[in-house]
Amino acid sequence: MKKIGIGFIGFGTVGQGVWKNLEPQREELENRLGVKIAFPRIAVRDIGRSRDVDVPAQIMTEDPYEVINDPAVDIVCELMGGTGKAREYTEAALKAGKVVVTANKALIYACGQQLFDLVKKHGGHYYFEASVAGAIPIIKTLREGLVANRFASIAGIINGTCNYILSRMEAERKSYETILADAKALGYVEQDDSLDLDGKDAFHKAVILAFLAHGKWIDEDHALVEGIRNVTLEDMDLAKNFGYRIKLIGLIRRNFKTNALSLSVSPSLVPLDKTLARVDGVYNAIKLSGDVAGTTILIGRGAGRDATSSAVISDIVDAIIGIRDDAHKFFTAADIDANYHMGENLRMATVDEIKSPFYIRVTVADQVGVLADIYRDLAELNISIAKVATYEHRETGTGTVTLLTYPTSESTMEKLFSRFEKIKNILGRPLLLRVYESVRG
Ligand code: NAP
Ligand code: HSE
């Protein structure tokens, strides 16, 4: 019987989750797959650190090359994170023709194309189901289940930490900082928490989805990326009054007529009656609008030890089958080329083409004429108002004006905000959020 060795580089939240959930079902998997499974080596930063699972001390090392260069290791699970050393080790493993399984979306964003090129050159393999949306099998869904479709829209809640923070802030009226500390304790948050809070982690995931669905790598200069730091409880309440909840939404839209693609990650108002508005806590949800299947929504846990290990184990099983049969199903050289080919004539949409309704919250000095100034600028830019609510704060002599607009372009909004800077009774920079409009499949 063929023996397949699984090595780890990184054995923290996710790595230990894989061990915890894979080791007890090793025998069953061996019977099902017809191979022997071994765990020859695990590399960590600090071998002296206590672990939550029992592993034989002799397989632990602080040198990742002992994993990469061990002939008994066929599958290298890169579960350390980051884009520095993780890149070096991933490249070394792929150059050695090994199969790499990862959850590292930041690395795929940073150098996915180069890593795929190494797969093509050296015949290894790269699996990354756990990189997007935790337990939700979104990569498989795009590659297999919904392969017949072209997607006009892929919209989702794809950062568990932000969804956990926004949901609990709203439900429990607790501060952002308190809930962030809980999310850290639960293992949801990236080592660099700004990746989550500033929308970059969701952006990396959206880029991976856009590459799979449309064959194009998108960089930060061609996308809108905003996080949740400026969203207040007041905004959540005001949004609710208008019939919405605020969610961090990753949105990939393609106009097949003009062949333009857009990608954004931003805190967005989602109508209360939409499924995405009701997905709370660490759960993620992805709504795919396909031309053949219509609308498909996947919901599941988006972060944490068990959820993420579920996706890593799924990749490990696929990798074992690929090695056993000497035939990997996806991300073979031909498959990677076909993916690149898909995006060849695609262009990024301009800021004039990207449109949505907007939510604007303006703090003003409670002075005669300030509303007239705001309305004048909106009218001159041809921005139509759908809803308005105003509140006075007598104790401070200020007021809050909240507006919902009809769909207008990002470029028009930029112009409006430049004009707002000239209105002396507008205090500070107004908050601008997008309103999510669903697209039918
Ligand atoms: P983590 O808990 O911080 O674990 C990182 C592990 O990597 C630790 O075992 C650490 O060793 C090891 N490590 C760090 N630098 C190393 C080095 N230079 N050489 C060898 N080992 C090194 O991180 P995690 O939450 O498991 O995340 C791992 C990856 O999964 C990241 O790419 C993350 O983005 C991704 N991910 C995480 C989640 C989640 O919910 N946590 C979900 C999806 C994807 P020590 O233990 O000795 O410090
Ligand atoms: N920090 C990430 C999140 C982990 O909260 O979604 C899962 O990718």
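## Before we start

A polar contact here is a pair of N or O atoms within 3.5 Å; inside the protein, one of the two must be able to donate a hydrogen and the other to accept it, and residues adjacent in sequence count only if both atoms are side-chain atoms. What you have above is a predicted model, where local features need pLDDT of at least 70 and side-chain atom pairs count only at pLDDT 80 or more, while totals for chains, interfaces and linings use all residues. Residues are numbered from 1 along each chain as its sequence is written, chains are lettered from A and ligands numbered from 1 in the order in which they are written, and side-chain values use heavy atoms, with hydrogens and water left out.

## Ligand 2 and its polar contacts

Let's take ligand 2. An N or O atom in the side chain of T161 is 2.6 Å from an oxygen atom of this ligand, and K205 has a side-chain N or O atom 2.8 Å from an oxygen atom of ligand 2. Y188 joins in through its backbone, with a polar atom 2.7 Å from a nitrogen atom of the ligand. On its own, ligand 2 has 260 Å² of accessible area, and the protein covers 94% of that (areas come from the Shrake-Rupley method with a 1.4 Å probe; for residues, only the protein chains shown count as cover).

Who else is around? The shell is made up of K105, N159, G160, T161, Y188, E190, D196, D201, K205, G302 and A303, each with a heavy atom within 4 Å of the ligand. They divide into two nonpolar, four polar and five charged residues; Ala, Val, Leu, Ile, Met, Phe, Trp, Tyr, Cys and Pro count as nonpolar, Asp, Glu, Lys and Arg as charged, and the others, Gly among them, as polar. Helices α7 (160–172) and α10 (200–214) each supply at least two residues of this shell. Helices (H or I, at least four residues) and strands (E, at least two) are DSSP runs, numbered from the N terminus.

## Three domains, and ligand 1 between two of them

The chain is split into domain 1 (2–134 + 306–342), domain 2 (138–301) and domain 3 (355–435), with bounds from an automatic or database domain assignment. The centres of domain 1 and domain 2, taken over C-alpha atoms, are 26 Å apart. Across the boundary, 26 residues of domain 1 are in contact with 27 residues of domain 2, contact meaning heavy atoms within 4.5 Å.

Where does ligand 1 lie? Domain 1 and domain 2 both give residues to its shell, so ligand 1 lies between them. That shell has 25 residues, and the closest are D46, R49, R51, E190 and G304. By class, it holds ten nonpolar, nine polar and six charged residues. A polar side-chain atom of R51 comes within 2.6 Å of an oxygen atom of ligand 1, while backbone N or O atoms of F11 and G12 lie 2.8 Å and 3.1 Å from an oxygen atom of the ligand. The protein covers 89% of the 910 Å² of accessible area that ligand 1 has on its own.

## Inside and outside

Some labels first: buried means under 20% relative accessible area, exposed over 50%, and partly exposed in between (1.4 Å probe, protein chains only). In helix α15 (residues 410–420), the buried residues are E410, S411, T412, M413, L416, F417 and F420. They pack against β9 (224–225), β16 (358–365), α14 (370–380), β18 (398–405), β19 (408–409) and β20 (431–435).

T90 sits in helix α4 (residues 85–95) and counts as buried at 2% relative accessibility. Leaving aside residues up to four places away in sequence, T90 touches E78, V100, L107, L115 and Y126. F256, in the loop between β10 (244–255) and β11 (260–271), is partly exposed at 28%. With the same sequence neighbours left out, F256 touches R150, F151, A152 and H214.

## Two unusual phi angles

Most residues other than glycine have a negative phi. D326 goes the other way, with a positive phi of about 50°, and so does F331, with phi near 55°. D326 is in the loop between α12 (305–325) and α13 (333–342), and F331 is found in the loop between α12 and α13 too. Which of the two labels fits each residue, buried or exposed? D326 counts as exposed at 72% relative accessibility, whereas F331 is buried at 7%.
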